[in-house]
Amino acid sequence: MSKKNLYLGAAYYPEVYYFETIDEDIEYMKKARLNVMRMGEFAWSVFEPQEGQYNFKWLKKVVDKLYQNGIYSILCTPSNTPPIWLTKKHPEILRRDDNGSYAVHGGRGHGCPNSPVFNSYVQKIVSKMAQYFKDHEAVIGWQIDNEIYPWLQGCHCDFCMKEFYKHLKKKYKTIDNLNKQMALRIWSIEYSAFDQIEYPKIKDWGSHPAFTTEYIDFQMRSNANFISRQADILRENGIKVPIGTDMMTFVSQDHYITNQNLDVVMINHYHSKENFYECAFWMDYMSRLKDRPFWNTETATTANGANSVNPSLYPIGYNYINTLIPFAFRGEMNLYWLFRAHYAGPELMHSSVITSQGKPVHVFDETVQAAQTLEKCQQFLTEFELDKAEFAMSFSSNAYNIFEGQKVVAGFHYTENIIKNCYYPLLKDGIAPSVHNPNNSLDGIKVLYSPFLISIEEGDFAARLIEWVNQGGIWIAGPLTDIRNRYYAKYRNSVFGFIEDLTGIQNIYQIPSTCLNNTIEFEDGILSKTTIWNDVFLTKPEHKVIARYNSPSPSIDQKAAIVGCKVGKGEIVVMGAMPEQERLLALIKTYLKKADCAPKLKTSSNVLAIKRRNGDKIGYCVIELFYEKGWVELDGQYLDVETSTKLSGVIEIEPYSFRCLEKID
Ligand SMILES: [Zn+2]
């Protein structure tokens, strides 16, 4: 079998059925044209039923049998679910919540990432597993753990607290500096030693925002280190195929940092008709984290759920497009969770490829159709890379974690705002940006839009950003961007950390948009309401005031709300207020034009055309995201890769279509 394939498969738990259904399962895997199964992620109790008694034979038998039937395997380390003999012998390895209670055996993710004892048991089983399977040609990849993130802000055990003190010491150096940076003279919180600090749980009169954010960040890094150590163990024991960890779309676990020591970015997602467009956001983001195609390691054929199923809509064709969408963003794999539904247990109402009784689900044919489309488009999808992004939007775990500690405006939710209020209007207007993690390179980006990027002190982002602007980049910043330092506190000399120094624009008043009945007036006299926030600026003659406030307050009236300023060869546009969508789109388009960004293919608002490139050859993956009819206006003659038909002009796009188009003139 060629290993250059694109992969379509599922999570498979043959141990749950005591290996009784394997033949029947394989029959349906072949009917569904699946070519990979992911196994072992929760199987510690079967791999090591008693301490030191390892049994991987059963898994090898399944891997062999699948391979004989043309199906590859991805193996998982089982660290997410330590077995009962381990948790009884060492209850101290259990995750502890902020009230001091330990996790109860029977859930998942109940081990502490910082526990030395837990890590030693993980080390043993992972190295044994790696040694056992290292030369197996059917194994194409390894997944570490499962969906790790700081659940309930992570573990609060004594090991974690000790590590937390080290984390704080490394960052703040002295306790006096921590007291000062966090303003702990307020309420006499001041500490005289790091180890006096208590869990940042919700206290009477509220928790300290900086401690909350520090703790989430620390737990995120603890998880990332826990994963990274396992990657090292796998490699030290002979694993040469790609290693990753399947991450949810929850942002508290930074996707860039967690993937630093891994080979392949893995994403799990569960969307429905109502929010299917969000896949475009997450997949673009994940696809840019590494110079290697990502793996979509979990999604559902239809409804997802646990003990009960979520009552969302999955129209005809949903499974088809949801199966194919990762490949449009240069994904290399899509796996369903799960192949055969469980017959009992905590997730028995989740959808699957075949039922608990061994019968195909009602959307089984859509899986087959998707696999057939994939086979026909495989060459195009593997040879044509994602085109470099010229327009990008910032999206940051660090910003999410800061807003978790301090909402700034009551009810504000960072991710929801970024996706629903910032990304969605751009997508619907045909100018969907690429999604940029601040730790990623800015190479090739001409316009970067950074709404609500509360701190730019993230890794070396600020320095790279300034260099990029000086070299000609256009940075559209705000609202609420660059207003917190690396200690999650306000800057004291100016509201902005960097923007005022770079532009001379002074931020003189900061108020929520609900505070006064302010509107903003653009240069052409058009008025716009604002949402969330109003920053009021004092400008100089060299600044270009793009919009001014119309305000009942004489202190604010006619002062600047949106201002542009040349910086080096580039420009910074500071948005003190978020205008209505139409005005925002017009503003962004002005700068896309100014930066000479290549125009996108014209499409109806429900259709996304993702540009692909193979040397000089151009192509597009066209996907319909909203279950509506749509169109694409082609800029030349194209070949529909799946049907080998030639196309030009305006072509109709059916609901939930997936089309690969290669330009041929
Ligand atoms: Zn812990």
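This is a dialogue on how to read several features of a predicted model.

Reader: Which parts is the protein chain divided into?

Author: A domain assignment splits the chain into segments, and a domain can be made of more than one segment. Here, domain 1 takes in 7–153 and 221–379, domain 2 covers 391–594, and domain 3 covers 602–663.

Reader: How far apart do the C-alpha centres of domain 1 and domain 2 lie?

Author: The distance between those two centres is 38 Å. For the interface itself, contacts and area are the things to read. On the contact count, 16 residues of domain 1 meet 19 residues of domain 2. The two domains bury about 1600 Å² between them, with 62% of it on carbon and sulfur atoms. On the domain 1 side, Val251, Tyr277 and Phe281 lose the most area to domain 2, and together they make up 43% of what that side buries.

Reader: How many salt bridges are there between domain 1 and domain 2?

Author: The count is 1 salt bridge. Glu278 forms a salt bridge with Lys420, and the closest N and O atoms of that pair are 3.5 Å apart. The cut-off for a salt bridge is 4 Å, so the pair qualifies. Polar contacts are tallied by residue pair, and the interface of domain 1 and domain 2 has 6 such pairs, with both residues at pLDDT 80 or more.

Reader: Which helices each supply at least two residues of the side of domain 1 that touches domain 2?

Author: They are helix H9 (255–258) and helix H10 (278–287). H10 gives the most to that side, with 6 residues. By residue class, the side of domain 1 that touches domain 2 divides into 9 nonpolar, 3 polar and 4 charged.

Reader: How many residues of H10 are buried?

Author: In H10, 10 of its 10 residues are buried, and the helix is described as mostly covered. Charged residues can be on such a list: the buried residues of H10 include Glu278 and Asp284, along with Phe281, Trp282 and Tyr285.

Reader: Take a single polar residue. Is Gln230 buried or exposed?

Author: The label follows from relative accessible area, with buried meaning under 20%. Gln230 has a value of 1%, so it is buried. The residue is found in helix H8 (residues 209–236). For a buried polar side chain, the next thing to look up is its partner. The side chain of Gln230 makes a polar contact with the side chain of Thr77 at 2.7 Å. Leaving out residues up to four places away in sequence, Gln230 touches Thr77, Ser79, Val122, Val126, Ile144 and Asp145.

Reader: What does the side chain of Ser657 reach?

Author: A side chain may also pair with backbone. The side chain of Ser657 reaches the backbone oxygen of Glu654 at 2.7 Å. Ser657 is found in the loop between strand E29 (650–653) and strand E30 (658–663). With a relative accessible area of 10%, Ser657 is buried. Beyond four places in sequence, Ser657 touches Ile321, Val622, Ile623 and Glu624.

Reader: Where does Leu601 lie?

Author: Leu601 lies in the loop between helix H17 (581–594) and strand E23 (602–603). A loop position does not settle accessibility, which is read separately. Leu601 is buried, at 8% relative accessible area. Its contacts beyond four places in sequence are Ala609, Tyr620, Val632, Glu633, Leu634, Asp635 and Tyr638.

Reader: Which peptide bond is cis, with omega near 10°?

Author: Most peptide bonds are trans. The bond from Trp337 to Leu338 is cis, with omega near 10°. Leu338 lies in the loop between strand E9 (333–336) and H12. The bond from Gly478 to Pro479 is also cis, with omega near 0°. Pro479 lies in the loop between strand E14 (474–477) and helix H16 (499–503).

Reader: What is phi of Tyr18, and what is phi of Phe452?

Author: Most residues other than glycine have a negative phi. Phi of Tyr18 is near 50°, a positive value, and phi of Phe452 is near 55°, also positive. Tyr18 is in the loop between strand E1 (7–11) and helix H1 (22–31). Phe452 is in the loop between strand E13 (447–450) and helix H15 (461–470). Tyr18 counts as exposed at 61% relative accessibility, whereas Phe452 counts as buried at 1%.

Definitions and conventions:
Residues are numbered from 1 along each chain as its sequence is written. This is a predicted model: local features need pLDDT of at least 70, side-chain atom pairs count only at pLDDT 80 or more; totals for chains, interfaces and linings use all residues. Side-chain values use heavy atoms; hydrogens and water are left out. Domain bounds come from an automatic or database domain assignment. Contact means heavy atoms within 4.5 Å. Buried area is the accessible area (1.4 Å probe) that two parts lose on being put together, summed over both. A salt bridge is a side-chain nitrogen of Lys or Arg within 4 Å of a carboxyl oxygen of Asp or Glu. A polar contact is a pair of N or O atoms within 3.5 Å; within protein, one must be able to donate a hydrogen and the other to accept it, and residues adjacent in sequence count only if both atoms are side-chain atoms. Helices (H or I, at least four residues) and strands (E, at least two) are DSSP runs, numbered from the N terminus. Ala, Val, Leu, Ile, Met, Phe, Trp, Tyr, Cys and Pro count as nonpolar, Asp, Glu, Lys and Arg as charged, and the others, Gly among them, as polar. Buried means under 20% relative accessible area, exposed over 50%, partly exposed in between (1.4 Å probe, protein chains only).
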